[in-house]
Each structure stands twice: as C-alpha cells, then as structure tokens.
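Here is a friendly walk through one protein model, written for someone who likes to know the cut-offs behind each term. Please keep the viewer open as you read.

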Amino acid sequence: MAKKFITELKRTHTCGELTLAEVGQDVVLMGWGMRRRDHGGLIFVDLRDRTGITQVVFNPQDAGGAHDEAHQIRSEYCLALKGLVRRRPAGQDNDKLITGQIEVVVEHFEILGPSQTPPFMLEEWVEVNENVRLRYRYLDLRRPEMYKNLLLRHQTAQAARGHLNGQGFLEVETPFLTRSTPEGARDFLVPSRLSRGSFYALPQSPQLFKQLLMVGGVERYYQIARCFRDEDLRADRQPEFTQIDLEMSFVCEDDVMELTEGLVAAIVEAAGQTMPRPVPRLTYAQAMERFGLDAPDVRFGLELVDVADLVGDAEFKLFKEAVAKGNMVKALNGKGMAVLSRKDLDDLTAFVGTYGAKGLAWVKIKEGLEWQSPIAKFFSAEHQQRLNERLAATEGDILFFGADTPKVVCESLGRLRLELSRRFELTKGAPLTFCWVTHFPLLEYDPEAKRWVAMHHPFTSPSPEDLPLLESEPGQVRARAYDLVLNGSEIGGGSIRIHTQQMQQKLFEALGIDAEEATEKFGFLLEALTFGAPPHGGLALGFDRLVAILAGQPSIREVIAFPKTQKGTCPLTGAPGKVDQVQLLELGLRVEKTS
RNA sequence: GGGGGCGUAGCUCAGUUUGGUUAGAGCGCCGGCCUGUCACGCCGGAGGCCGCGAGUUCGAGCCUCGUCGUCCCCGCCA
C-alpha cells in the first residue's frame, strides 16, 4: 500500500532544484501541472512550483497505473507525486530549464486539487487584460513573474528591517483608527458605532504618531506602514499603499539623509543591484532651474536653459511680451532630434498643452547652423547666433522654447524633456540614478483656497535663516525638507520637524489655522511639544514605488498582491460593496441617493 | 470633475475606414491517433447578448447619442 501524500509522504525537493546530482534518488514533488504532452504511450507533464519547473514522465512500462491515471491531469491541477530522478536520454536535454538535464519518472501520484480550465493561460508569453488578472489574482500570482515580484518585495522589506534594526531602530505599530485632521489628502472615514455620529479616519501616514513616539523617548522608530488616501488613482498611486516610515531624535538633515542612503543601499543590494554613493544633492531651486521639476530625472541631459536675456528685443511678440511681463523664457536643446516629423511636433505641442503651455516653439538646426522654423523670420542673424551659442546647437539638433509663467514653463519643458527621453530611449540601460532634492519652499500659495498651504506638511521646520520672512514673504521661506528621487520618481521625502509649541503655533497661523482650530485638531501635538520634545526628523520611503522600479515594473499594481483598479474597486472580492441596512442602522448612517 | 485609448469566442486580437448573405484567426477547451516531447505533432469538434441601452436605416459588430467597465493622463494626491 502506497504511503499517503502530505501526511506520510513529505515533499523532498522543489521543482526548481533537481540536477544530475540527484540522479538515482527517489523524490517527492508537489506543484501544479502545466503543459501535458500526451504521446499516447509516454505522457510528459511540466510540474511547476514557486521555484521552477521539472519535467515528469508517465511511462506505461514503468508504472502502468500511474500512466492510465495521468490522462486525467489538466492545466493547473495541483499534484503530488513520487518518482525516480533519471538523466534524460542523450540529446533530450532542455537547456531552458535549470532542471533540464533530468526528469522524474513517476511511480505514483495523487491529484490534490483538480482545477477548472483556467480563464487564461499562465504563460509568461501570454498578455492578459489586467481586469481579468485581478479577477483571478490567485491564478495570476502563480505566474513566475508575479512570484518574483512578491519575493523581491519580501526580500527588500527584510533588508530594510535588518538594516534599521542594526541601527538601533524600534519597529512600532501605530493606529489605523485615528482622527481626521485638516490639510493634506482626503481621508477615508470609518464610522464609530460606540460614538454614533463620530468618525475615525484611516491614517494618511503615521506622521503625528511617530512624532509623539519621539516625544515618548523612543529615539529611533520605524514601521513598514500602510497609508490611506482617498484620492484619484494613477499607475503609481493606490488608495492604500506602503511606506517605510522612520523618525529619529537628536538629528539634523545630514543625519537623516546619511541614514537613508545606507538603508536604501541595503534595499537595492537585496534586489541584486547597486546604488552609487554618495547620492548627489540638488536644491529645489537648482532642480527647477535645470530640469523644471522637483523630482528630476538626471540620467540624461536636455537641461533647461534661460534665454530671456537673449530674446527680449527680438521681433517675436510672444517672447518679447513674456520678457516684458517678467515671465520666463526657457529653451532646451534636443540633441540630434531634428528627425522629429511635423506630426511628432504636433503631438508634442498637444503634450505640453496638457501642462498649460499655449504652444511649443521649435527650431531645427540645419547645415551651417541655419534655422528651420516657423519662427525663424522673427529672429535676426545675431539673435539666432547667440541662441545657438547659448544652447550649444549643432546641425541636427532641435531647440524647443517655452515662454509663460515660471510654473507653466518649468512644468511643460520639464515634462517635454521626459517625453523626449522616452521617445529617444535616452535612459535605456542606465543604472539606478538617485538624487536628493533639498531646501524646498515651506509654503505654496493655493489660489483656490486663497491661502498658503504647507508644501510638505504643517509640521515641517522652516530654515532658521528664513524665519524673518515668514510673515512678509511666506513663499520665500525654505523648509528643512528633503526628497529622495530615483530615476525621476519621488521615492521618499522627509524633514526635520518643528519641536516647539511656539514654532508649531506660528506655522498654523501662517497656514490660516486659528488658535481655536489648532487646539481642537492638533491640541494633543501642541501639548506634547511642551513636555521636553527632542529635536527630531525623519523620512518615509514609498515602498511600492521603490520595489516597482527595482522590479522594472511600470505600475505599482505589479508589486502589490491584491491591488485596486483605477476606480478603487477590487474585481476579485467586489469591494467596495453594499452593506446590510442593519449595519447602517447600528452606525446611525443613512445613504442618500445622488442626484 | 475633464481629456484620450480600449471593450468582438475562455484568452489575445482581426473585421469598423466605405453599413449589405451564415462574424473570422491563433492559442486554449472537448474527442480521436501517436513512446522522447518540452509553447509536442496530426485529424475532427464545440464555443459569440460583437459591453449594455436608445436612435438613424429596408438593413448596424461597423454610423449617432447615452451609459457601464478598464487603462493612461490633467485636476487632485500636506
């Protein structure tokens, strides 16, 4: 009587490890049947588990019973089998498989779990609609690529924990059910049954709690924390996402940045890649000036160049007026990109239009540095020559110009720069490229709310030397904040926090939050700051984004086991769903029909 | 809230430009044959609310309007 699988017969090997070394051994494998190749006589099945694939053979001469039963095996049947590892016959090796020199001759097997015909083939060469994948995510996850992503996520998370543990950090959990605070993103709310009419909010980040942990003398805290923001989704934004959140007492900017570099290096190494250090630093002002964006992709050139001083007296009205108004006129040189067609240029014009640019002036540089452009006639030979020089133009280049408010010029040319690099594959094969962006503005003006709002968050410390400007020129005050940028994506950000009540109150005032509201919403923080709060600062890494980049994936959904669609739904569970009327009654809620 | 792409067999797609008989392909699936395959091969077969709803028309997968789903982007995301 054959022994029973699972209880008596234990798995001896995985499907990704058997080689010539095990030839002659009896082994027990468990996994999923992939392709069945039935030759009438011989039957081959590729058995797959999370480690790889092993070819198993059912031979009527070796084990007739097993061979007969093997006809039942279909795609994605969960199987256990016992058999003999055998070298494959000469010339039958499969060099695509690590296990390709051997095969397992099945003595007997058991179907642990039969499967319906899968809704899609679990083959890497089959591209399947994402909605179908999410509907059957548990099948999608069986694909080696998805397992690889989860494995990478696990390994990098462990590397982060290991590194921070080694640096004296404590992993502390903070509440999911907390209170809603003004500022920032829209909260997810959770109605309270015990306090009818009151609501918890899910945390947008553990920001306030980690500061309270510093007041609590924890000194070094971290958490791989889930965060919730009820805003519209993108390829790199989910309603719930994960941060590696950390905070340290008795530190300044350099301390946090240095610690972070060590942490990220450990993560990158766990992913089998390398991180060049030290990470270069740019100020916010430099980033905007050279790249137009606060998260610059510094893997390639195409930098923005100020040309306002060269075009103010040219005949071209658009530039002339911009200069007269004190607006910005900038250009970038698309090196060797004069091959762009008229249609390409129309597309690019529409592209910058989405960022508010009213047009896109371009100049193709021909033989003898001659201009070919709709606007060439408005520029004298001298103007053309000076612009050529400023932009280092040579034959085959194309110059792009933007003239508008600084916001529009920076954003449109900054995005144009990225779009050109995408079209011309300028970052192909480039190594991971990090940079820090520092000295962010503390505040930015919100024209809709007609008030100043915190660029980072309201707990960020202003640069001491800029403090005198807080009332007179709030926009000029710099923050003790820093962002970590990888390949043009913001993957982390943090700051030195305010640790005195006086300063925190001052900031609330600057934000137009009056004393009463500040006390009501943030009183607990203000109070905590009066009990010997240590200077402290920290940072949070966008873990999903970081892992997605390390995995070479275009969307963070690929590195999240059960992500949401762009509408925030889950095709697998059907969330969000309706709830029972009784549940609503208990909570004192009534749903109104929308008009 | 806005702009754009997609929606046809289980999956991936063609067919829509120029409306016209019974809507196709590959893979998968089912049945048969096959002892060295490995994305096996050969033969046969089943499988369709052309997302949904109105409209135009003698006639709609194809044109119009609406709607739903999904993806990308803008706004939004301290």
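The report below covers strands, salt bridges, cysteines and a surface patch.

This is a predicted model, in which local features need pLDDT of at least 70, side-chain atom pairs count only at pLDDT 80 or more, and totals for chains, interfaces and linings use all residues. Residues are numbered from 1 along each chain as its sequence is written, chains are lettered from A and ligands numbered from 1 in the order in which they are written, and side-chain values use heavy atoms, with hydrogens and water left out.

**The barrel**

Helices (H or I, at least four residues) and strands (E, at least two) are DSSP runs, numbered from the N terminus. Two strands pair if DSSP finds at least two bridges between them. With that in hand, start at a closed barrel of 5 strands, which runs E1-E2-E3-E5-E4 with mixed pairing. On average, neighbouring strands of this sheet are turned by 55 degrees against each other, direction ignored; the axes are lines fitted to C-alpha atoms, for helices over the stretch in contact, and angles run from 0 to 180 degrees between N-to-C directions.

Within the barrel, E2 (residues 43–49) and E3 (residues 52–58) are antiparallel partners over 7 bridges. Arginine 48 sits opposite isoleucine 53 in E3.

Histidine 13 belongs to the segment before strand E1 (26–38). Is histidine 13 buried or exposed? Its relative accessibility is 15%, so histidine 13 counts as buried; the classes are buried under 20% relative accessible area, exposed over 50% and partly exposed in between (1.4 Å probe, protein chains only). The C-alpha atoms of histidine 13 and methionine 30 are 8.4 Å apart, with 17 residues separating the two along the chain.

**A second set of strands**

Further along, E20 and E21 pair in the antiparallel sense over 6 bridges. They make a hairpin with 2 residues between them, and asparagine 487 in the turn has a positive phi of about 50 degrees. Leucine 486 has serine 489 in E21 as its bridge partner. Strand E21 (residues 489–496) also runs antiparallel to strand E22 (residues 536–542), joined by 5 bridges. Here glycine 494 stands opposite leucine 539 in E22. Why is E21 described as largely enclosed by the rest of the structure? Because 6 of its 8 residues are buried.

**Salt bridges**

Side chains of opposite charge can pair when their charged atoms come close. Using the rule of a side-chain nitrogen of Lys or Arg within 4 Å of a carboxyl oxygen of Asp or Glu, the whole structure has 48 salt bridges. Three of them are tabulated here.

| Salt bridge | Closest N to O distance |
|---|---|
| Aspartate 62 and arginine 86 | 3.9 Å |
| Arginine 480 and glutamate 253 | 2.9 Å |
| Arginine 390 and aspartate 309 | 2.8 Å |

Aspartate 62 lies in the loop between E3 and helix H1 (64–70) and arginine 86 in strand E4 (residues 78–87), so this pair ties together parts that are 24 residues apart in sequence. Aspartate 62 is partly exposed at 44% relative accessibility, and arginine 86 is partly exposed at 33%.

Arginine 480 is in the loop between helix H13 (469–472) and strand E20 (481–486), while glutamate 253 is in helix H6 (residues 253–270), so the two tie together parts 227 residues apart in sequence.

For the salt bridge of arginine 390 with aspartate 309, the distant parts are helix H11 (residues 381–390) and helix H8 (residues 308–311), with the pair 81 residues apart. Arginine 390 is partly exposed, with a relative accessible area of 35%, whereas aspartate 309 counts as exposed at 54%.

Salt bridges also link Arg133, Arg137, Asp140, Arg143, Glu145 and Glu558 in a network.

**Cysteines**

How many disulfides are there? With a disulfide taken as a pair of cysteine sulfur atoms within 2.5 Å, the count comes to 0. For cysteine 435, the nearest cysteine sulfur is that of cysteine 410, 16 Å away. Cysteine 435 is buried at 2% relative accessibility. The sulfur of cysteine 570 is 20 Å from the closest cysteine sulfur, in cysteine 227, which is too far for a bond. Cysteine 570 is buried too, with a relative accessible area of 10%.

**A nonpolar patch**

Finally, look at the surface, where Phe176, Leu177 and Tyr200 form a nonpolar patch with about 280 Å² of accessible area together. Such patches are made of residues with over 30% relative accessible area and no salt bridge, joining like charges within 9 Å and nonpolar side chains (Val, Leu, Ile, Met, Phe, Trp, Tyr) within 5 Å. Areas come from the Shrake-Rupley method with a 1.4 Å probe, and for residues only the protein chains shown count as cover. Leucine 177 is in the loop between strand E6 (170–171) and strand E7 (189–191), and counts as partly exposed at 46% relative accessibility.
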